[in-house]
Each structure stands twice: as structure tokens, then as C-alpha cells.
Amino acid sequence: MMGKAKNLLENNNVNFSLRGITSILIGIYILLAAYAIKYFGDGFLNDENPVAFMSIEILEILGVVLLIFVFIFSTLALFFSGRRNARKEGYFLWNKKTKVQRNTYLLLSFIFIIVFSFINNISDSNFITPFFLIFYAVFTTVLNTSKNKNIYLIALLCLLLAIIVFLIPTYWYSSLLILGVAHIVNGIISRT
């Protein structure tokens, strides 16, 4: 018992990381959300699809709700994976470094929500995906406390995709698919 208590006191690890099943799940969430948004957008333009009878406001709300679900499920994946890893090692989940990372995550999320709301209010949907990709690159870089080079590569990929989507707005769907697949590949590589 004393050895376990000693381990609990000496935990200096950041318990949240973007590897393994967590990265795979986040990649799947991004893929599903991109597909759903594309489906509803295409359905809105097709008179034979039931989505065509919805108003544009409902579709916007649906898109925002999908993004909220991706954010919530991704956050939960990070939390439960971190908790599982901490328990497996015999550590407490919340230590000083993990609390700093949590506060940084919450601050960046708050900034993202404010800027996203501003972009959404000016009604220029061509800037939403590039903004998301740029912010995601910053988000993953700042929260990459383990200095994982694969996370830096995902961040660099996000920046390149953001430039492409800014220049070619119709490339938004493909860029999100690429990001989702990159997460899945990162998860598979980090598991082995």
C-alpha cells in the first residue's frame, strides 16, 4: 500500500494525450461530422431529399450541434483515456501539470467558441473550415506537452489544409476527411 501511495504522490506526468484509441476515436468523430454536414448540405440542394424542406437556419443549427457533439465526445475520449492510463500506472489523474493542461484546454475552447460565433455571425461560411483548421493546429501544438512529433505533423497538415481551403473553399470536405484519416493513422501508429 505504501508503494502505491508513493506512486500517487510522484505523478508528474500529463495524463491526457492524443495517441492510440483516443486519436482513432477523434478521427472517427471528425469523419462522421464531415460526412453528416456534407450529406445535409447536399440534401438541401436536392429537391428529392427530405433535407431540402428544412430551412437554412435549421441546417446551420444542425451543423453547430454536430460540431458541439464532436467537441464533447473528443473531450470525453481524452478524459476517459487519461483516467484509464493514470489508473493503470497507479497515479492520480489530476496533478499540477494535468490541471494546467485542463485550464489551457478550457481557455482555448472558450476563445474558439467566441471567434467561431463571430465568424458564424458574419455569415461567411467560406472562413469556417480554414478557421477551424488553423485553430486546431494551434490547439494541438499548445497542448502537445509530450512533444510528440506526430502531433506536430498533424498541426502542420492542418495549416496546409487551411491554406488550401481558404484558396479553394469547396475543398472543405476533403480537408476534414484528410484530418480524420490523419488522426486514425496517428492512433494506429502510436498503438504499435
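Is Ala 33 buried or exposed? In this predicted model, Ala 33 comes out as buried, with a relative accessible area of 9%; that value falls on the buried side because the cut-off is under 20%. The residue sits in helix H2, which covers residues 20-45. Setting aside neighbours within four places in sequence, Ala 33 is in contact with Leu 66 and Val 70. There is also a long-range pairing to point out: Ala 33 and Leu 177 are separated by 144 residues in sequence, yet their C-alpha atoms lie 9.7 Å apart in space.

Stepping back to the whole chain, the protein has seven helices and zero strands, so read from the N terminus the order of elements is simply α-α-α-α-α-α-α. Of its 192 residues, 35% count as buried. Among the contacts with a separation of 6 or more, 71% are between residues 24 or more positions apart. As for the outside, the protein exposes about 11800 Å², and carbon and sulfur atoms supply 70% of that area.

A second buried site turns up at Thr 129, which belongs to helix H5 (residues 128-142). Its relative accessible area is 10%, and since buried means under 20%, Thr 129 goes into that class. With neighbours within four places in sequence left out, the contacts of Thr 129 are Val 165, Trp 172, Ser 175 and Leu 176.

Helix H3 offers two residues with other levels of exposure. Leu 76 has its place in this helix and, at 36% relative accessibility, is partly exposed; the label follows because the value lies between the 20% and 50% cut-offs. Leu 76 also has a counterpart far off in sequence: Thr 22 is 54 residues away along the chain, with a C-alpha to C-alpha distance of 9.4 Å.

Lys 88 is found in helix H3 too, whose span is residues 56-89. At 63% relative accessibility, Lys 88 counts as exposed, because the bar for that class is over 50%. On the surface, Lys 88 gathers with Arg 19, Arg 84 and Arg 191 in a patch of positive charge. Lys 88 meets the accessibility condition for such a patch because its 63% is over the 30% required.

How values were computed. Residues numbered from 1 in each chain as written. Predicted model: local features only at pLDDT ≥ 70, side-chain atom pairs only at ≥ 80, totals over all residues. Heavy atoms only, no water. Helix = DSSP H or I, 4+ residues; strand = E, 2+ residues; numbered from the N terminus. Buried < 20%, exposed > 50% of the residue type's maximum accessible area, 1.4 Å probe, protein only. Contact = heavy atoms within 4.5 Å. Patch = residues over 30% accessible without salt bridge, like charges linked within 9 Å, V, L, I, M, F, W, Y side chains within 5 Å. Areas by Shrake-Rupley, 256 points an atom, 1.4 Å probe, with all protein chains shown as cover. Salt bridge = Lys/Arg side-chain N within 4 Å of Asp/Glu carboxyl O. Lys, Arg positive; Asp, Glu negative; His and termini not counted. Charge placed at Lys NZ, Arg CZ, Asp CG, Glu CD.
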